[in-house]
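Student: I am new to this structure and would like to go through it slowly. Could we have it in front of us before we begin?

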Amino acid sequence: MSTAGVQQHRVLLAAPRGFCAGVERAIRTVEEALDRFGPPVYVRRQIVHNPQVVADLERRGAVFVAETDDVPRGARLVLAAHGVPPRVRERAHARDLQVVDATCPLVTKTHRETQRFAAAGYTVVLIGNLEHDEVVGTRGHAPDHVVVVAHPAEVDEISVPDEQRVAWVSQTTFLAEDVAAIVERLRRRFPALTDPPSEDICYAVSNRRAAVQIIAARSDLVIIVGARNSHNSANMVPVALSAGAEAAHRVESASELLPDWLDGVATVGLSSGASVPERLVREVLNWLAAQGYVEVEEVVSTVETQIFAKPRET
């Protein structure tokens, strides 16, 4: 974008940014379990996709494990926000683990949609990344009925027993425009395609992308704070570029910032993924201030009020 007439060296800070309701719920679940029962509290995989959050909880006594078999029999286990296939719960209960399910309610909604479609004899096209934790969990609810698709071209390779009984659901953090492109291709191939009852894309992911689009249109450079394995954080980089930013980078923390990125840059846009603590954003702001980007304007696109109830121990 042209910087003519724009005040030099400022930051446009996107809002909303950072923790969504599902992430806050998952982290709070582990913290409250530690407060109530004391350490150790075991957590399967990363509670959310952010290493700093994981490290903070480890310091408080959380123990992160790869699988339920890594947990001592009878111990307390928290299931992460991304959801799990049923076999994980079955194995946990077989080992007498006290399970607290911190799966995001929006992910649970996708699980239920998948189960209902499968029970009705549909092939379910799950739009998402095959190896993402959320997709692994959703697929596990009806493995014989689910086909995972990440790109429109893959639609042509799908084989189904009944072309009149095909439905689709999506990973909650997938790019909305990518979902739309795949659904369009699906509908051309399967005209009787059945949609999910309501939107699968996470409201918070959509809100953060919309906020990035607004600041990117006014920025030379956009910085997204987010972990390497955070799908929603990574996706905001192409969103920023397509919205008008000349450059965009994802960083896990301020330590990854490079001064060369600021060459010729008057306005920096800044946001963060849905699993990023605000302190990491503040560290980036401090780094930018040290480079002369002292003026900060918060650009609010919407105000989020969503709150999820606490999970129950099962």
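Student: Where does P40 lie?

Tutor: Please keep in mind throughout that this is a predicted model. P40 is found in the loop that connects α1 to β2 (41-44), and the peptide bond leading into it from P39 is cis. Most peptide bonds are trans. The omega of the bond from P39 to P40 is near 0°, and the place of P40 is the loop between α1 and β2.

Student: Which residues are joined by the cis peptide bond with omega of about 10°?

Tutor: Here the residue to look for is a proline in the loop between β1 (10-15) and α1 (21-37), namely P16. The cis bond with omega of about 10° joins A15 and P16.

Student: What is the relative accessible area of R45, and how does that class it?

Tutor: R45 sits in the loop between β2 and α2 (51-60), and its phi is positive, at about 60°, although R45 is not a glycine. Most residues other than glycine have a negative phi. Partly exposed covers the range between the limits of 20% and 50%, and R45 is therefore partly exposed, with a relative accessible area of 31%.

Student: Is D96 buried or exposed?

Tutor: D96 is placed in the loop between α3 (86-94) and β5 (98-101), and although D96 is not a glycine, its phi is positive at about 60°. A residue counts as exposed when its relative accessible area is over 50%. Because its relative accessibility is 51%, D96 counts as exposed.

Student: In what order do the five strands of the open sheet stand?

Tutor: The five strands pair in parallel, and the sheet they form is open. From one strand to the next, the twist averages 20°. Read across the sheet, the order is β10-β9-β11-β1-β12.

Student: Which strands stand at the edges?

Tutor: In an order of β10-β9-β11-β1-β12, we look for strands that have a single partner strand, so that one side is left without a neighbour in the sheet. The strands that stand at the edges are β10 (247-251) and β12 (295-300).

Student: Which residue is the bridge partner of L221 in β11?

Tutor: Strand β9 (residues 221-225) and strand β11 (residues 267-272) run parallel and are joined by five bridges. In β11, the partner of L221 is V268.

Student: At about what angle does helix α8 run to β10?

Tutor: Helix α8, which spans residues 231-242, lies across β9, β10 and β11. Between N-to-C directions, angles run from 0 to 180 degrees, and the angle of α8 to β10 is about 170°.

Key: Residues are numbered from 1 along each chain as its sequence is written. This is a predicted model: local features need pLDDT of at least 70, side-chain atom pairs count only at pLDDT 80 or more; totals for chains, interfaces and linings use all residues. Side-chain values use heavy atoms; hydrogens and water are left out. Two strands pair if DSSP finds at least two bridges between them. Helices (H or I, at least four residues) and strands (E, at least two) are DSSP runs, numbered from the N terminus. Contact means heavy atoms within 4.5 Å. Buried means under 20% relative accessible area, exposed over 50%, partly exposed in between (1.4 Å probe, protein chains only).
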